[in-house]
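Please look over the structure below. The report that follows takes it one region at a time.

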Amino acid sequence: MRDWDIVSGVGITALAVAAARAVESSRAEPLVEDPYAAAFVRAAQAPMPLPTRAGELPREDALWERMSLFLGLRSRFFDEYLAEASTAGVRQVVILAAGLDSRAFRLDWPDETTLFEVDQPRVLEFKDEVLAEQGAQPRCERRTVAVDLRDDWANALLDKGFDPEQPTAWLVEGLLPYLARDAATRLLDTVHSLSALESTVAIEYVHDPKAALEDPAVENMLKEFGFDFAALLPDDPHGDPAEQLAELGWAVGDVSGADLAERYGRQLTDNVTSMFGANGRYLTGRLG
Ligand SMILES: C[S@@+](CC[C@H](N)C(=O)[O-])C[C@H]1O[C@@H](n2cnc3c(N)ncnc32)[C@H](O)[C@@H]1O
């Protein structure tokens, strides 16, 4: 598929993760507080039911309990990664496949921070409309870059004022599973070619995402979404991003979803959550 909006193709996954963040935000002591997630879900009018708070969809409650746990852990980890980059002095942030990520609006950023959000044009248009209706104000200099990440996104980013001489904090959250091998390899090569020394990167990845879906319990869970998640995944999945970055000279570390659950005091409650906890990897890297 060449392009999509917020309720079609890969676009709908951005809405599903926003729903999960909305559910997590509605809980006592949430892992993430996203004040805009519910507004995105309400405005999109998705073709299937998506919740905006815990307990709203009693029939699919188990699904959203798991989703809010995964997305809560993932969001918290990447929020902390970005806060650490800011503390270390990085003032340029690029969120690739930003979807409905509202970090420009919900996190504290030091003065002089410029944050670029890259995604498909119609996804970003929808996002900007909803944020404007909400009267949301970014807490940094926010610039959107409407481009396909399989195309020449480097020049689109440079055109918006990205400075390759400055260290950058990159975020690649919820993207790699949807890119075929070549596109994923090219994407990380491009990240490298645009990175000044002391740049950092954080990436969520799953080794062979399609294979991970073959477990019947996971297959059943995904059916409850109401869209064919497996059809969005390419047959030739991305390689190991940790290996690729290490070869390019990055110092790389990674943790699993289970590590994050332990770190943030959450239980992986059943087989499905444990499997995701074991398969989901969260990589961080630093250049120089
Ligand atoms: C699961 S969502 C993740 C969104 C966001 N990172 C988050 O965690 O909330 C996947 C996002 O990847 C974007 N995406 C996937 N392939 C893309 C491509 N080739 N070019 C631009 N965006 C892409 C989709 O539009 C969607 O917003």
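## The second largest pocket

H3 gives the largest share of the lining of the second largest pocket, 5 residues. This is a predicted model. H3 and E7 each supply at least two residues of that lining. The space in the second largest pocket is about 280 Å³. Its lining counts 15 residues, and the closest to the centre are Tyr81, Glu84, Ala85, Ala88 and Thr200.

What is the chemical make-up of the lining of the second largest pocket, in nonpolar, polar and charged residues? The lining divides into 6 nonpolar, 4 polar and 5 charged residues.

## The sheet and its helices

The sheet is open and has 7 strands. Their order is E3-E2-E1-E4-E5-E7-E6, and the pairing is mixed. Strand E3 (141-146) and strand E6 (250-256) are the edge strands, each pairing on one side only. From one strand to the next, the twist averages 15°.

Helix H3 spans residues 61-87 and packs on the sheet. H3 touches E1, E4, strand E5 (200-206), E6 and strand E7 (280-287). The direction of H3 makes about 165° with that of E5. Helix H5 (residues 121-133) lies across strand E2 (114-119) and E3. H5 runs at about 145° to E3.

## Strand E1

Two parallel neighbours flank the next strand. E1 (residues 92-96) and E4 (residues 168-172) run parallel and are joined by 5 bridges. E1 and E2 also run parallel, again with 5 bridges. Val93 has a bridge partner in E2, Leu115. In E4, the partner of Val93 is Ala169. Val94 has Trp170 as its bridge partner in E4.

Is E1 enclosed or open to the outside? All 5 of the 5 residues of E1 are buried, so the strand is largely enclosed by the rest of the structure. In a regular strand, side chains alternate between the two faces of the sheet. Both faces of E1 are covered. Gln92, Val94 and Leu96 are buried on one side. Val93 and Ile95 are buried on the other.

## Two buried residues

Ile203 lies in strand E5. Ile203 counts as buried because its relative accessibility is 0%, under the 20% cut-off. Which residues does Ile203 touch, not counting residues up to four places away in sequence? They are Phe78, Val172, Leu176, Leu188, Pro241, Leu245, Arg281, Tyr282 and Leu283. Ala16 is 187 residues from Ile203 in sequence, and the C-alpha to C-alpha distance is 19 Å.

Glu24 lies in helix H1 (residues 11-25). Is Glu24 buried or exposed? Glu24 is buried, with a relative accessible area of 2%. Not counting residues up to four places away in sequence, Glu24 touches Pro30, Leu31, Val32, Ser68, Leu69, Gly72 and Arg266.

## Positive phi in two loops

Most residues other than glycine have a negative phi. Two loop residues deserve a look here.

Glu198 is not a glycine, yet has a positive phi of about 80°. Where does Glu198 lie? Glu198 is in the loop between helix H7 (181-193) and E5. Its relative accessibility is 46%, so Glu198 counts as partly exposed.

Asp208 is not a glycine either, and has a positive phi of about 50°. Asp208 sits in the loop between E5 and helix H8 (209-212). At 29% relative accessibility, Asp208 counts as partly exposed.

## The segment before H1

Asp3 lies in the segment before H1. Asp3 is partly exposed because its relative accessible area, 44%, falls between the 20% and 50% cut-offs. Which residues is Asp3 in contact with, leaving aside its neighbours within four places in sequence? Asp3 contacts Gln120 and Arg122. Asp3 and Gln120 are 117 residues apart in sequence. In space they are 7.0 Å apart, C-alpha to C-alpha.

Methods:
Residues numbered from 1 in each chain as written. Predicted model: local features only at pLDDT ≥ 70, side-chain atom pairs only at ≥ 80, totals over all residues. Heavy atoms only, no water. Pairing = 2+ DSSP bridges. Helix = DSSP H or I, 4+ residues; strand = E, 2+ residues; numbered from the N terminus. Axes fitted to C-alpha atoms, helices over the stretch in contact; angles between N-to-C directions. Contact = heavy atoms within 4.5 Å. Buried < 20%, exposed > 50% of the residue type's maximum accessible area, 1.4 Å probe, protein only. 1 Å grid on protein atoms, 1.4 Å probe; cavity = no way out; pocket = protein on both sides within 12 Å on 5 of 7 lines; lining within 4 Å. Points joined across faces, edges and corners; volume = space filled by probe spheres on them. Nonpolar A, V, L, I, M, F, W, Y, C, P; charged D, E, K, R; others polar.
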